[in-house]
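Open the model in your viewer and keep the sequence panel in sight. The tour goes stop by stop, with a selection to make at each one.

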Amino acid sequence: MLISPSILSADFANLEAELRRIENADWAHVDVMDNHFVPNLTLGLPVVEALLKVSPIPIDAHLMIEDPDRWAPMYAEAGCGSVTFHIEAAHDPRGLAHAIHAAGARAAMALKPATPFAPYEELLADLDMVLVMTVEPGFGGQSFMVDQLPKVREVRDAIRRRGGQVWVQVDGGVSAETIEQCADAGADVFVAGSAVYGAPDAADAVEHLRALVRHHVSHHTSLG
Ligand code: DX5
Ligand code: ZN
(Lines give C-alpha, C1' and ligand atoms only; values in the text may rest on other atoms or scores of the structure.)
(Ligands and ions follow the chains in the order given, each with its own letter.)
Protein backbone atom coordinates (compact mmCIF):
# COMPACT_ATOMS: atom_id res chain seq x y z
CA MET A 1 0.00 0.00 0.00
CA LEU A 2 1.34 3.42 -0.93
CA ILE A 3 0.27 6.94 0.01
CA SER A 4 1.05 9.56 -2.64
CA PRO A 5 0.11 13.11 -1.59
CA SER A 6 -0.60 15.46 -4.49
CA ILE A 7 1.38 18.69 -4.38
CA LEU A 8 -1.37 20.35 -6.45
CA SER A 9 -2.76 21.57 -3.12
CA ALA A 10 0.67 22.65 -1.81
CA ASP A 11 2.17 26.16 -1.76
CA PHE A 12 3.69 26.48 -5.26
CA ALA A 13 6.05 29.22 -4.05
CA ASN A 14 7.69 26.82 -1.58
CA LEU A 15 7.69 23.40 -3.19
CA GLU A 16 10.92 22.15 -1.61
CA ALA A 17 9.57 22.83 1.88
CA GLU A 18 6.20 21.39 0.88
CA LEU A 19 7.87 18.13 -0.20
CA ARG A 20 9.60 17.92 3.17
CA ARG A 21 6.20 18.17 4.90
CA ILE A 22 5.28 14.80 3.35
CA GLU A 23 8.61 12.97 3.57
CA ASN A 24 6.91 10.18 5.53
CA ALA A 25 4.76 9.42 2.46
CA ASP A 26 5.74 6.80 -0.12
CA TRP A 27 5.57 8.96 -3.25
CA ALA A 28 5.01 12.62 -4.10
CA HIS A 29 2.27 12.91 -6.73
CA VAL A 30 2.96 15.69 -9.26
CA ASP A 31 0.09 16.76 -11.53
CA VAL A 32 1.29 17.97 -14.92
CA MET A 33 -1.50 19.81 -16.80
CA ASP A 34 -1.16 21.43 -20.21
CA ASN A 35 -4.42 23.42 -20.55
CA HIS A 36 -5.33 21.24 -23.54
CA PHE A 37 -6.04 17.77 -22.19
CA VAL A 38 -7.56 19.45 -19.10
CA PRO A 39 -8.71 23.06 -18.62
CA ASN A 40 -5.89 23.95 -16.22
CA LEU A 41 -2.17 24.65 -16.46
CA THR A 42 0.27 23.66 -13.73
CA LEU A 43 3.92 22.81 -14.36
CA GLY A 44 6.09 20.89 -16.79
CA LEU A 45 9.39 19.11 -17.21
CA PRO A 46 11.75 21.90 -16.00
CA VAL A 47 9.90 22.19 -12.71
CA VAL A 48 9.72 18.40 -12.30
CA GLU A 49 13.50 18.22 -12.91
CA ALA A 50 14.01 20.80 -10.16
CA LEU A 51 11.71 18.88 -7.79
CA LEU A 52 13.60 15.65 -8.47
CA LYS A 53 16.81 17.28 -7.23
CA VAL A 54 15.32 18.09 -3.84
CA SER A 55 12.56 15.53 -3.24
CA PRO A 56 13.19 13.19 -0.29
CA ILE A 57 10.81 10.60 -1.84
CA PRO A 58 10.21 9.27 -5.39
CA ILE A 59 8.07 11.34 -7.73
CA ASP A 60 4.84 9.92 -9.14
CA ALA A 61 4.18 12.01 -12.28
CA HIS A 62 0.55 12.17 -13.44
CA LEU A 63 0.57 13.60 -16.95
CA MET A 64 -2.75 15.22 -17.90
CA ILE A 65 -1.41 16.30 -21.27
CA GLU A 66 -1.91 15.76 -24.96
CA ASP A 67 0.67 13.76 -26.90
CA PRO A 68 2.09 11.79 -23.96
CA ASP A 69 3.88 9.60 -26.55
CA ARG A 70 6.18 12.53 -27.11
CA TRP A 71 6.57 13.81 -23.53
CA ALA A 72 6.12 10.97 -21.03
CA PRO A 73 9.46 9.19 -21.68
CA MET A 74 11.29 12.43 -20.82
CA TYR A 75 9.74 12.41 -17.32
CA ALA A 76 11.08 8.86 -16.90
CA GLU A 77 14.53 9.87 -18.18
CA ALA A 78 14.53 12.79 -15.75
CA GLY A 79 14.20 10.32 -12.87
CA CYS A 80 10.52 10.06 -11.92
CA GLY A 81 9.81 6.74 -10.20
CA SER A 82 6.45 6.32 -11.87
CA VAL A 83 5.02 7.98 -14.99
CA THR A 84 1.28 7.92 -15.68
CA PHE A 85 -0.19 8.83 -19.08
CA HIS A 86 -3.88 9.17 -19.93
CA ILE A 87 -5.12 6.42 -22.20
CA GLU A 88 -7.50 8.92 -23.88
CA ALA A 89 -4.48 10.87 -25.14
CA ALA A 90 -2.03 8.07 -25.98
CA HIS A 91 -1.49 7.09 -29.63
CA ASP A 92 0.53 3.91 -29.03
CA PRO A 93 0.06 2.97 -25.35
CA ARG A 94 2.04 -0.26 -25.57
CA GLY A 95 5.02 1.45 -27.22
CA LEU A 96 4.75 4.29 -24.73
CA ALA A 97 4.80 1.93 -21.74
CA HIS A 98 7.90 0.26 -23.20
CA ALA A 99 9.62 3.62 -23.69
CA ILE A 100 8.87 4.59 -20.06
CA HIS A 101 10.29 1.26 -18.86
CA ALA A 102 13.36 1.64 -21.05
CA ALA A 103 14.00 4.99 -19.35
CA GLY A 104 13.86 3.31 -15.93
CA ALA A 105 10.44 4.22 -14.52
CA ARG A 106 7.27 2.36 -13.69
CA ALA A 107 4.56 2.86 -16.34
CA ALA A 108 0.90 3.53 -15.65
CA MET A 109 -2.24 4.38 -17.59
CA ALA A 110 -4.96 6.66 -16.23
CA LEU A 111 -8.69 6.48 -17.01
CA LYS A 112 -10.97 9.53 -16.82
CA PRO A 113 -14.35 8.90 -15.12
CA ALA A 114 -16.15 8.42 -18.46
CA THR A 115 -13.51 6.06 -19.87
CA PRO A 116 -14.27 2.35 -19.51
CA PHE A 117 -11.55 -0.12 -18.54
CA ALA A 118 -12.60 -3.17 -20.56
CA PRO A 119 -11.22 -2.05 -23.98
CA TYR A 120 -7.77 -1.65 -22.41
CA GLU A 121 -7.57 -4.80 -20.30
CA GLU A 122 -4.98 -6.36 -22.62
CA LEU A 123 -2.60 -3.52 -21.75
CA LEU A 124 -2.25 -4.85 -18.19
CA ALA A 125 0.60 -7.04 -19.42
CA ASP A 126 2.61 -3.89 -20.26
CA LEU A 127 1.74 -1.79 -17.19
CA ASP A 128 2.78 -1.47 -13.54
CA MET A 129 -0.27 0.48 -12.41
CA VAL A 130 -3.73 1.61 -13.50
CA LEU A 131 -4.99 4.98 -12.22
CA VAL A 132 -8.77 5.17 -11.86
CA MET A 133 -9.69 8.86 -11.60
CA THR A 134 -12.29 9.47 -8.92
CA VAL A 135 -12.89 13.08 -10.02
CA GLU A 136 -12.85 14.75 -13.44
CA PRO A 137 -9.15 15.57 -13.87
CA GLY A 138 -8.10 19.22 -13.76
CA PHE A 139 -8.53 20.50 -10.23
CA GLY A 140 -7.94 19.57 -6.61
CA GLY A 141 -10.57 19.75 -3.90
CA GLN A 142 -13.45 18.15 -5.84
CA SER A 143 -15.91 15.61 -4.40
CA PHE A 144 -15.11 11.92 -4.61
CA MET A 145 -17.07 10.10 -7.36
CA VAL A 146 -18.36 6.99 -5.65
CA ASP A 147 -19.64 5.72 -9.02
CA GLN A 148 -16.02 5.00 -10.01
CA LEU A 149 -15.63 2.25 -7.39
CA PRO A 150 -17.09 -0.47 -9.64
CA LYS A 151 -14.31 0.37 -12.12
CA VAL A 152 -11.69 -0.01 -9.37
CA ARG A 153 -13.15 -3.47 -8.62
CA GLU A 154 -13.20 -4.36 -12.30
CA VAL A 155 -9.51 -3.47 -12.70
CA ARG A 156 -8.58 -5.35 -9.52
CA ASP A 157 -10.55 -8.42 -10.65
CA ALA A 158 -8.83 -8.41 -14.05
CA ILE A 159 -5.41 -8.20 -12.38
CA ARG A 160 -6.28 -11.10 -10.04
CA ARG A 161 -7.52 -13.19 -12.95
CA ARG A 162 -4.46 -12.60 -15.06
CA GLY A 163 -1.89 -12.76 -12.25
CA GLY A 164 1.09 -10.44 -12.10
CA GLN A 165 1.85 -7.40 -10.00
CA VAL A 166 -0.12 -4.38 -11.18
CA TRP A 167 -1.07 -1.68 -8.69
CA VAL A 168 -4.39 0.18 -8.71
CA GLN A 169 -4.25 3.90 -7.91
CA VAL A 170 -7.15 6.17 -7.02
CA ASP A 171 -6.90 9.96 -7.41
CA GLY A 172 -9.47 12.63 -6.61
CA GLY A 173 -11.46 13.30 -3.46
CA VAL A 174 -9.53 10.66 -1.50
CA SER A 175 -9.74 11.50 2.22
CA ALA A 176 -10.26 9.91 5.63
CA GLU A 177 -13.95 9.69 4.70
CA THR A 178 -13.45 7.85 1.38
CA ILE A 179 -10.14 5.96 1.54
CA GLU A 180 -11.54 2.78 3.12
CA GLN A 181 -14.10 2.37 0.33
CA CYS A 182 -11.23 2.65 -2.14
CA ALA A 183 -9.20 0.00 -0.31
CA ASP A 184 -12.26 -2.21 -0.14
CA ALA A 185 -12.71 -1.95 -3.91
CA GLY A 186 -9.10 -3.05 -4.44
CA ALA A 187 -7.04 0.14 -4.65
CA ASP A 188 -3.53 -0.02 -3.19
CA VAL A 189 -2.02 3.35 -4.17
CA PHE A 190 -3.83 6.39 -2.80
CA VAL A 191 -3.39 9.98 -4.01
CA ALA A 192 -4.64 12.71 -1.70
CA GLY A 193 -4.16 16.43 -2.30
CA SER A 194 -6.43 18.64 -0.23
CA ALA A 195 -6.85 15.95 2.47
CA VAL A 196 -3.09 16.09 3.15
CA TYR A 197 -2.05 19.68 2.35
CA GLY A 198 -5.27 21.11 3.78
CA ALA A 199 -4.59 19.44 7.14
CA PRO A 200 -2.81 21.37 9.92
CA ASP A 201 -0.06 18.71 9.94
CA ALA A 202 0.48 17.07 6.55
CA ALA A 203 2.63 14.23 7.93
CA ASP A 204 -0.06 13.36 10.48
CA ALA A 205 -2.65 13.32 7.71
CA VAL A 206 -0.47 10.87 5.74
CA GLU A 207 -0.14 8.60 8.77
CA HIS A 208 -3.86 8.78 9.45
CA LEU A 209 -4.70 7.75 5.88
CA ARG A 210 -2.17 4.92 6.07
CA ALA A 211 -3.61 3.69 9.37
CA LEU A 212 -7.14 3.68 7.96
CA VAL A 213 -6.06 1.48 5.04
CA ARG A 214 -3.99 -0.84 7.25
CA HIS A 215 -6.79 -1.24 9.72
CA HIS A 216 -9.28 -1.83 6.95
CA VAL A 217 -7.10 -4.40 5.22
CA SER A 218 -6.25 -6.35 8.42
CA HIS A 219 -9.87 -6.35 9.50
CA HIS A 220 -10.93 -7.58 6.10
CA THR A 221 -8.26 -10.31 6.10
CA SER A 222 -9.10 -11.45 9.63
CA LEU A 223 -12.70 -11.97 8.50
CA GLY A 224 -11.32 -14.33 5.91
C1 DX5 B 1 -6.80 16.21 -10.24
C2 DX5 B 1 -5.44 15.69 -9.84
C3 DX5 B 1 -5.36 15.20 -8.45
C4 DX5 B 1 -5.67 16.26 -7.41
C5 DX5 B 1 -6.34 15.57 -6.27
O6 DX5 B 1 -6.86 16.35 -11.61
O7 DX5 B 1 -5.08 14.60 -10.67
O8 DX5 B 1 -4.10 14.59 -8.20
O9 DX5 B 1 -4.54 16.91 -6.90
O10 DX5 B 1 -6.73 16.51 -5.34
P11 DX5 B 1 -7.76 16.15 -4.20
O12 DX5 B 1 -7.17 15.03 -3.39
O13 DX5 B 1 -7.91 17.40 -3.46
O14 DX5 B 1 -9.05 15.70 -4.88
ZN1 ZN C 1 -3.28 13.46 -10.10
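Start by selecting F139, G140, D171, G172 and G173, the residues nearest the centre of the second largest pocket, which has 26 lining residues. This is a predicted model. The pocket holds about 250 Å³ of space. Now colour β2, β3, β8 (189-192) and α7 (194-197): each of these supplies at least two residues of the lining. What classes of residue make up this lining? Twelve are polar, eleven are nonpolar and three are charged.

**Next stop: the zinc ion**

Keep D171 selected and add the zinc ion (ligand 2). D171 donates to the zinc through OD, alongside H29 (NE2), D31 (OD) and H62 (ND1). Show the distances: these protein donors lie 2.0 to 2.2 Å from the ion. Then look at the angles. Six donor atoms surround the zinc ion and subtend angles of 71 to 170°, so the arrangement is octahedral. Opposite donors must be over 155 degrees apart for that label, and all other angles between 65 and 115.

Go back to the sequence panel. The donor residues are spaced H-x1-D-x30-H-x108-D. Select D31 and H62 as a pair. D31 sits in strand β2 (residues 28-33) and H62 in strand β3 (residues 59-64), so the two tie together parts that are 31 residues apart in sequence. Are D31 and H62 buried or exposed? Both are buried.

**Next stop: β8 and its partner**

Select β8 again, then add β1. The two strands run parallel and are joined by four bridges. Find V189 in β8: opposite it stands L2. Now show the side chains of β1 (residues 2-5). L2 and S4 point one way, I3 and P5 the other. In a regular strand, side chains alternate between the two faces of the sheet. All four of these β1 residues are buried.

**Last stop: the largest pocket**

Select R160, A183, G186, A187 and V217. They lie nearest the centre of the largest pocket, which is lined by 17 residues. About 300 Å³ of space lies here. Colour α5 (149-162), α6 (179-185) and α8 (202-222), each of which supplies at least two lining residues. Which helix gives the most to this lining? It is α8, with five residues. Finish by colouring the lining by class: seven residues are nonpolar, six charged and four polar.

Key:
Residues numbered from 1 in each chain as written. Chains lettered and ligands numbered in written order. Predicted model: local features only at pLDDT ≥ 70, side-chain atom pairs only at ≥ 80, totals over all residues. Heavy atoms only, no water. Donors = N, O, S within 2.8 Å, 3.2 Å for Na, K, Ca; no water. Tetrahedral: all angles 85-135°; square planar, octahedral: opposite > 155°, others 65-115°. Buried < 20%, exposed > 50% of the residue type's maximum accessible area, 1.4 Å probe, protein only. 1 Å grid on protein atoms, 1.4 Å probe; cavity = no way out; pocket = protein on both sides within 12 Å on 5 of 7 lines; lining within 4 Å. Points joined across faces, edges and corners; volume = space filled by probe spheres on them. Nonpolar A, V, L, I, M, F, W, Y, C, P; charged D, E, K, R; others polar. Pairing = 2+ DSSP bridges.
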